[in-house]
Each structure stands twice: as structure tokens, then as C-alpha cells.
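Trainee: I should like to work through this fold systematically, beginning with its strands and ending with its backbone details. May we take it as a series of questions?

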Amino acid sequence: MASKTPVKASKAANRGSARQADAGPVLLSGGNPQIAKADGDAPVQAYIAAMPGWKRDIGRRLDALIVRTVPGVRKAVRWNSPFYGVEGRGWFLSFHCFTKYIKVTFFRGTALQPMPPGPSKDPDTRYLDIHEDAGLDEPAVAAWIRQASQLPGWEFGAK
């Protein structure tokens, strides 16, 4: 009898895993997709595909705008957020889903002209919060992306 118990527990665990896989991606606080740390376009596209509602369209538009503006851009997912950078220069931009907006981070945002509107505790960083009803000002964001990609970027673990 004792040998049947682990088998039943294992089958139950497998059924739970199958249900979880069918439920789609896990969304963290504020609706931010939980995507494993990885380099390349595939994890970034998985993140964007998992963005909820109107945020998915903005994520696709941001990604396309970045790719058009910075040919050969380097991509990764870290801390459940897509990161964009230039090989040898570090990361210049990231974005993250919150309940009511998407926060775009320009790591050297204080060097951009004009500066993105959102202040940060970090003296170099500036933010752009994109709300559903405000849309995406592609020309302004493209100008910031272009400038940011030409600056020395942020490196993981750097101070």
C-alpha cells in the first residue's frame, strides 16, 4: 500500500503542472509577465506576448521602434523586464509593466535632450510612463532611443 501513495502524489502533481501550463504565463504584481532570465530576441518576444491587454500592443510597438532605430540591437530579459543595448556599450533602455502603465527606463536619461519626463532616485536615469489613454509618441521616443543608444550604457553589476 505504501508504494501507491507516492505514485498518486506524483500524478496529482503532474495534473497541477499541466493545468498551470494551460493557464498561460504567470503575471506578477501589476500584471508584469514572469519570464526567465535569458539573452536574445526570443525571451523578449515571450515577455511581450505575455503582456496583458493594451500593454501588449505598446510592447510590440516599442520593440519594433527600438529595432528600427538601432539596427543590431542586443536584447535580454532580466528581472522580468526586457533590456535593450549595444554590444560593447551596455544597456540603454528597459521597460516594465505596472497596473496602469508601462514604465520605460532610459539608464542615461539625464543626458537626453529633451530629458524624458520622469525623475528617478538614480542621478542618471529618467523614466517615461506610458498610459493606455496617452498612446505612444513614436517620434519623441525614437529620438530618445537614438540618443540613448549612442551613449555609454548601464552594465549589470556596475555602480
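**Sheet, helices and core**

Trainee: Over how many bridges do β2 and β3 pair?

Mentor: β2 and β3 are antiparallel partners. Please keep in mind that the model is predicted. Within this pairing, arginine 78 has serine 81 of β3 as its bridge partner. The number of bridges between β2 and β3 is five.

Trainee: Which strands of the sheet are the edge strands?

Mentor: Six strands make up an open sheet with antiparallel pairing, and their order is β1-β2-β3-β4-β5-β6. An edge strand here pairs on one side only. The strands that meet this condition are β1 and β6.

Trainee: How does the chain order the elements, from the N terminus on?

Mentor: The protein chain contains four helices and six strands. Read from the N terminus, their order is α-β-α-α-β-β-β-β-β-α.

Trainee: What share of the contacts with a separation of 6 or more joins residues 24 or more positions apart?

Mentor: A contact here means heavy atoms within 4.5 Å. Among contacts with a separation of 6 or more in the protein chain, the share from residues 24 or more positions apart is 54%.

Trainee: Which residue of β5 is the bridge partner of leucine 93?

Mentor: β4 has two hairpin connections to consider. With β3, it forms a hairpin that has three residues between the strands, and this antiparallel pair has four bridges, with phenylalanine 83 opposite serine 94 of β4. With β5, a hairpin again runs through three residues, and five bridges join the antiparallel strands. In that β4–β5 pairing, the β5 partner of leucine 93 is phenylalanine 106.

Trainee: How many of the eight residues of β4 are buried?

Mentor: A residue is called buried when its relative accessible area is under 20%. By that criterion β4 is mostly covered, and its count of buried residues is seven.

Trainee: Which element supplies the largest share of the largest nonpolar core?

Mentor: The largest nonpolar core has 30 residues, and Tyr84, Phe92, Leu93, Phe95, Phe106 and Ile145 have the most contacts inside it. At least two residues each come from α2, α3, β3, β4, β5, β6 and α4. The largest share, five residues, is supplied by α4.

Trainee: Which residue numbered above 107 does leucine 93 touch, not counting residues up to four places away in sequence?

Mentor: With those neighbours in sequence set aside, leucine 93 touches Ile66, Pro82, Phe83, Tyr84, Val104, Thr105, Phe106 and Phe107, among others. The remaining residue it touches is Ile145.

Trainee: Why do the buried residues of α2 line one face of the helix?

Mentor: The residues in question are Pro43, Val44, Tyr47, Ile48 and Ala50. They line one face because, viewed down the axis of α2, they fall within an arc of 170°.

Trainee: Which elements does the cover of the buried residues of α2 include?

Mentor: α2 packs on the sheet and touches β1, β2, β3 and β4, its direction making about 55° with that of β2. The cover of its buried residues also includes a helix. The elements included are β1, β2, β3, β4 and α3.

Trainee: At about what angle to β4 does α4 run?

Mentor: α4 lies across four strands, namely β3, β4, β5 and β6. Its angle to β4 is about 145°.

Trainee: Is tryptophan 79 buried or exposed, and what is its relative accessible area?

Mentor: Tryptophan 79 sits in the loop between β2 and β3, and its phi is positive, near 50°, although tryptophan 79 is not a glycine. Asparagine 80 belongs to the loop between β2 and β3 as well, and it too is a non-glycine residue with a positive phi, about 55°. A residue counts as exposed over 50%. Tryptophan 79 is exposed, with a relative accessible area of 58%.

Trainee: Near what omega is the peptide bond from glutamine 113 to proline 114?

Mentor: Proline 114 lies in the loop between β5 and β6. The bond that leads to it from glutamine 113 is cis, with omega near -15°.

Trainee: What percentage of the exposed area of the protein chain do carbon and sulfur atoms supply?

Mentor: Of the 159 residues in the protein chain, 37% are buried. The area that the protein chain exposes is about 9,100 Å². The part supplied by carbon and sulfur atoms is 56%.

Conventions: Residues numbered from 1 in each chain as written. Predicted model: local features only at pLDDT ≥ 70, side-chain atom pairs only at ≥ 80, totals over all residues. Heavy atoms only, no water. Buried < 20%, exposed > 50% of the residue type's maximum accessible area, 1.4 Å probe, protein only. Areas by Shrake-Rupley, 256 points an atom, 1.4 Å probe, with all protein chains shown as cover. Core = buried A, V, L, I, M, F, W, Y, C linked by side-chain atoms within 4.5 Å. Arc of directions from axis to C-beta. Pairing = 2+ DSSP bridges. Axes fitted to C-alpha atoms, helices over the stretch in contact; angles between N-to-C directions.
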